Amino acid sequence: MHGSSATHDVTLLLAQWAGGDERALDALTPLVYRELRRLAASYLRKERKSHTLQPTALVHEAYIRLVHQSNPKWEDRSHFFGVAARLMRQILVEYARRKQAAKRAAYTVSLEDAVSFERSPDVVALDQALTALEKLDPRKCKAIELRYFAGLTTDEVARVLAVSPVTAQRDLRMAVTWLHREMRSG
Amino acid sequence: MTPERWAQVDELFHRIVECDSNNRRALLDEACAGDLELRSEVEELLRYEASAHAKVEAAVHSQINELRFSLVGTVVSHYQIEAGLDGGGMGLVYRAEDLKLGRRVALKFLPEDSAKDPTSSARFEREARAASALEHSNICPIYEFGEHEGQPFIVMQLLEGKTLRELLQDQCAQATDSDAHGARPALPLYQIFDLGLQIADGLNAAHQKGIIHRDIKPANIFVTSQGQAKILDFGLAKVTRYEADTFDADSTVTSLQAPASDALETKPGLFLSRTGVAMGTAGYMSPEQARGERLDARSDVFSFGLVLYEMATGQRAFEGNTGQSLYAAILGQSPAPVRQLNPKLPHKFEIIINRALEKNRETRYQSVAELRRDLETVQRELSPRNPLRLWMAVSGSIAALALGGLFFWATRHSQPNSQGVPELKLHQLTANSIENPVGSGAISSDGRYLAYADLQGIHIKLMDTGETRTVSQPKNLKNSRVDWGVVGWFPDSTRFLVNLYADEMPSSIWTVSVMGDVPTMLRGDAEAWSISHDGSLIAFANNRGTAGPHEIWVMNPNGEKEQKLLSSDANTLIRDARFSPDDKRFVYVESPVTYGTQEPALLSRSVAGGPSIKLLSSQRLHNHLWLPDGRLLYALAEDNERSCNYWTVRIDPQTGITTDAPKRLSNWAGFCLDHTSVTADGKRLVFKEWLDKSSVYTAILQSDHAHITNPALLSLSDGVNEPSAWTADSKAVIFDTDREGRVEIRKQYLDSDTSDLIVRANANQYAVDPRVTPDGKWILYTAGSSEDGPDAEASMARVAINGGPSQTLFRYRPWGHRCTYFPAKSCLFCERTEDRNQLVFTSLDAFEGRGQELARFDTDPASEYDWALSLDGTRIVIRKNAEPRLDIVSLSGHPRQQLVVKGWTTFMGLNWAADGAGIFTSALVPRGSILLYVDLKGNAHSLWEHKGSTGTWAIPAPDGKHLALSGGTISSNFWMMEKF
C-alpha cells in the first residue's frame, strides 16, 4: 500500500473506530502493526538523539508517519495509542521469543551471555502475566500496556482509558505489583 | 480468583498502601477479620509493591535494548559483536572483537539513509578514507570501513570515557541549588583549557591536511578516562543526513536551505547537487553553514567556539525551539557574553570566544592554530609558574606501563579543582616489587588508612601523607613463616581484622589497632571473610572442610555469640560472605568441591534465614562486594584469565534479586583484580591489581652440571611465555605465549630480538605444550578450549616447524606429550584414565597419530602427577604432586627405580638432562624458586635462584649445552579508584 493511501486509511479507520465501529479496529491493526515493525527495525540502525529506544518515541513516530499529523489533538491520538500499545507488546514478545530460540541454537556467546544470570523477569514472562491479568481485570491490563509498552504518562493513561488520574494511578499500582508477584512466582 | 475476591484484594491493597505505614498492621487485622487468604494475598502483594515498577519497566526496556542492539552475538565481517555501547551521543555503537587482530574495537553504524544514495556512498567512502589517514592523538582513529547488509559502518578505536556532551550533562546533574544566580555549571577552568587545547590540536592537524570536520559539537568529542580529548567522526559529517524529528529538536534539524557545497568540491565534475541535505548539527552550525554556503576550516573554528562557549558557561550560545528560530539566532544574534554567565572566566577568554564566533568568517580567527595560540597564552597567564597540564601528572610511569598504558590522575589534594575529572580516576597506593608482592589489603571506612599485608608483614598507610607504619609481629610468631591476610576494617576505622596463615597451623582471626600495636587473636581455627557495615557481625568460616569451607558463621566483634548461618553439602563449598548495605542480607560464593563440575555462583540470602537467591554464575568470577549504594560489584576474568574487569548489577535490598542488567564498569586489560574494599561513603574503592607474567630465559649449562652461566631474557612480551622445546639445531626456542588474549606458539632464535609465529589459537582456545619431533621437522602441540575443565578432551595437533596450517591428529584427555632428541626417534603422550587410577603412556607419531601403549603407572586419584621422557626414549620419570620422591619407569624392560631429592621439600617442573644422567627440577622457596640439577642418587645442585618467582623449569637443548628456562613472577599492588 502506498504511503498516502495508508495515511488516508488510518485516519479514516481511527475516526470510524472512535465512532464505535469495532470492525475498523480489525482493519487498523495490521497497518499500525506493520508500521511499528518497520520503525522498530529501522531504529536498530538509526542514529538517534536519545540513543535509548523509547516506546514513547516509537509509538509517537508511528502515529505521525501513519496519520501525517505532527500535532494531533489528543482525542485522536488516544485511540491510536490503545492499538499501538498492544502491538508494541506483541512485537517485543515475538522478538524476545525469536531471540531466545536463536540463542539456544547459536554456538557463539557474547561476554555478557557467558555469565549466566538468574533470569530476571523478561518480557515473555511479563506477557504471560499480562494475559492472566487481562482475564481478571482487562482495564488494568490496558493501563499497563499503555504505561509500559506505549510509554504514556499516568495522566495520559487516564485520558486514553477515560478514567480519573487517581483511578489510573491506582490501576497501575495494583497491576504492576500483581504482575511482579506473578512473574516471580510463575 | 473470583472477580469478587479480586475486587476485595484490589480495594484493600490500596487502602493499605495509601495509609500511614504505622497503621498498616492494624488496618490489615481489621479489614481481613480472620480471612487469612485475603490477608496473605494482600501481604504478599505489599512485599512486591516497592520494586514492581522498576521490574516491569526493566523487562520492557531490556527487550527494547536487545532489539536495538540486534547484532550482539553475531559476527559482522571479521568482528565478533560483543555488546551494545550506550555511547551517549555516539549513535549505534557496538563493542566488538577484531577476530583477525585480536583486539577490541568499536563498531559504529552510520545512518541508514546515507547508504541508499549511491553518490553519497561514494563520497562517504572517499572522504572517510582521507580522514582515516589522520593520525593524531586527539582524533579517534578509524581502522576500517565496512558494510553489513547494505549498512555502512566504521571500525574505530574502542575508547573508555564519555562524550563531552555527557560530561556537560553530568556537570548539570551535579549542580546544586547553591550555585550563584542559578547559573548552569561550567567545567572547571583548568579543564576548559586542557580540553580546549587538545581539541584545537586535533582540529588543527586535520585542517593542515585539508580535512574539515563540519560537525564539531560536544557529542562528537570524546573524553577518555585518561582525560584525553578525541574528536570523533572526521570525514563523516557531510554524508550524515539528519531527518526532521520533532522529538529531536535540540540536536538536529533538516536544513531547508539550498544544497550544500563546500571547499572540497570546487571541481565541477565533483559537484554533487542534492536537495534537502542536512548540514552540521543545527545548534553548532556556523552562519555560512546555516545559509548553505561553501564551508571551510573557519566554519570549524566557529563550531569549536560554540563548544568552548558551552564548556565555559554550561549553556549553549544559540538555542531555539524550532529550526527557524535557531537559524535566526545563529545568523543574527550575539550570544550572551561568557563572563556574564561565568564571572570566573578571564577577560581575555571572552575576547577569544567573541573572535571565534564572529558571524563574518573574514573577521573570525582564520585558523584553529591562531585560536589555539591565544588560548594557550591565556592559560599560561592564569598560572605562570605552574602550567595547568601538570595537574595531570603521571607518577610511577613504570607501574603505568605495566598496566598497559593506563595512567592516572594526580590525587585530589594536589588539585583542588578536580570536580570535573573524568570517570574511573585511578591512583596507585603501593609500589611493591615483584620480589615482595602485596598479598591483601583494605581501605578504612573513613578512607584515611590502607591496611595491607605483604611478605614482610602488615602495614598501615596513611592515605593523606603516604606515611606507612609496619605492625609488630606477635612475639611467639617471630621465628615462624607466616602470612597475614587483611580482611577489612571495623566501621569506626580504628581497628581492622586479619587472618593468620602459618605452616602446620590452622588459620586464625586477629584484630589490629590502627595504632599499630601487636595483633591480638580473636578466634583460633577460623578464617574471617568480612565485617558487617554496622560492625556488629563478623562473617567467618571454621576450618572444618578438608577441601574448603562448608559453613558460613557469624560472631560479634568480641568473638562471641557464634551462630551458623548456612551450611552446604559435601560436594559444595561456600565462602566469601559479604553483607548488604543494611546488613540484612549477605552475598556469598558457592562452588563445587571438584573444579569444573559446576560454575561458581554468587547467591544472596537473608541473615535471618530463608531461601538463597542465585544472582549469577561464572567460571570467571573473581571478587565481589556489595557497594553502599546497593550495587553488587564483581570482577570477571577475560582473555584466558589475563584480564579482569569490574561489573556491577543492582540488587533489590529487600528481595536480594537483581533488578537490572549487569553493567561493565571498567575496560582494562593485562591484569586481574582482587581484594576489593570500599569506603563507607562509597566514593573510594581500593583493589589489588595483580599480573602474573612468565618469561623465557636462556643460559649455558657448564659441563659439571652444577652451574649455569649467562642467564639472559629471551622473550620480550608481557604475559605468559613458557618454553617447551628447542629446534633440532639448538638455535631456537619454541614457546607458547599469550598475546592480546590469544594463545600463540612462537619460535625465537637465540640471536634474535623477535619471534616467529607458528600457531595462533582462536579466541577462547589454547595451543600449548609444543614439542619438536626428533627429525626436527614438526611441532606436536595440544589444542583445546580454555573454557573446559582440566580433565576435558583436547586435540593433539601437528604443524610444520616453520608454521603453516595445523592438522588435528586425534582427541585425547591430555596429560602431556614428549619427544626424544635425534638419534632416538620416538614421541609419546600420556593420558589419565577416567577413574584417575592410572597414567597411560602411548607412542605418538606426527603422521600416524596414536600408536601402541607403552606403559602404565598406578596413581592416587586425588593427586596430580608430573612426568618427563628421557631424551633417548628409554625412561620416564614421574613425580606425585610437589613431592621429593621420583619414580623412574623403564621403557626397555628394566626394573623401576626410585629416588628422593635431598634437601628440599616442594617442587615443580621436571625434565631430563640431555645426557640422561640427571634431572632438572625446581624447588619452591618463600621468596622465589631455585632451579636444581638432581643426579640419579638424589643429590641436588642449585643452578639458579629466581627471586620472586612463582616457579621455574629448564628445557635442555639437543646440544646438551644450552638451557631454556622459564621464570614466572607476580607483581601486585593496591590501587584506588574514584568516580565509579
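On helix α6 of chain A in this predicted model, Thr131(A) and Lys135(A) are exposed, and they lie on the side opposite to that of the buried residues. The helix, which spans residues 123-136, comprises 14 residues and extends 20 Å from its first C-alpha to its last, close to the 20 Å expected at 1.5 Å a residue. Its buried positions are Val123(A), Leu126(A), Ala129(A), Leu130(A) and Leu133(A). Because these residues cover an arc of only 115 degrees around the axis, they are placed on the same side of α6(A). An α-helix has 3.6 residues a turn, so residues three or four places apart point the same way.

The confidence assigned to chain A calls for some care, since the mean pLDDT of this chain is 68 and 48% of its residues reach 70 or more. Over residues 43-53 of chain A, pLDDT stays under 50, and the model has 25 contacts beyond four places in sequence for this segment. Over residues 103-121 of chain A, pLDDT likewise stays under 50, with 34 contacts beyond four places in sequence in the model. Where pLDDT is low, the predicted coordinates should not be read in detail.

Chain B contains 14 helices and 55 strands, and 46% of its 980 residues are buried. Of the contacts in chain B with a separation of 6 or more, 49% are accounted for by residues 24 or more positions apart.

Among the sheets of chain B, an open one of three strands is arranged in the order β7-β8-β9, with antiparallel pairing. Strands β7 (161-163) and β9 (229-231) of chain B occupy the edges and have a single partner strand each, so that one side of each is left without a neighbour in the sheet. From one strand to the next, the twist averages 25 degrees. The antiparallel pairing of β7(B) with strand β8 (residues 221-224) of chain B extends over three bridges, and the bridge partner of Gly161(B) in β8(B) is Thr224(B). Helix α7 of chain B, formed by residues 189-208, packs on this sheet and touches β8 and β9 of chain B, its direction making about 35 degrees with that of β9(B).

Another open sheet, built from four strands of chain B with antiparallel pairing, follows the order β34-β35-β36-β37. Here the edges are taken by β34 (721-726) and β37 (756-760) of chain B, each with a single partner strand, and one side of each is therefore left without a neighbour in the sheet. When direction is ignored, neighbouring strands of this sheet are turned by 30 degrees against each other on average. Strand β34(B) runs antiparallel to β35 (residues 732-739) of chain B and is joined to that strand by five bridges; within β35(B), Asp736(B) is the bridge partner of Glu722(B).

A further position considered in chain B is Thr782(B), which is located in strand β39 (residues 778-785). Thr782(B) counts as buried because 21 C-beta neighbours lie inside 10 Å, where the cut-off for burial is 20 or more. When residues up to four places away in sequence are not counted, Thr782(B) touches Val768(B), Asp769(B), Ala794(B), Met796(B) and Pro814(B). Thr782(B) and the last of these, Pro814(B), are 32 residues apart in sequence, while their C-alpha atoms are 7.6 Å apart in space.

Technical notes:
Residues are numbered from 1 along each chain as its sequence is written. Chains are lettered from A and ligands numbered from 1 in the order in which they are written. This is a predicted model: local features need pLDDT of at least 70, side-chain atom pairs count only at pLDDT 80 or more; totals for chains, interfaces and linings use all residues. Two strands pair if DSSP finds at least two bridges between them. Helices (H or I, at least four residues) and strands (E, at least two) are DSSP runs, numbered from the N terminus. Axes are lines fitted to C-alpha atoms, for helices over the stretch in contact, and angles run from 0 to 180 degrees between N-to-C directions. pLDDT is the predictor's confidence in each residue, from 0 to 100. Two residues are in contact if their C-beta atoms, placed from the backbone, lie within 7 Å. The expected span of a helix is 1.5 Å times one less than its number of residues. A residue is buried if 20 or more other C-beta atoms lie within 10 Å of its own, exposed if 12 or fewer, and partly exposed in between; C-beta atoms are placed from the backbone. The arc is that of the directions from the helix axis to the C-beta atoms.
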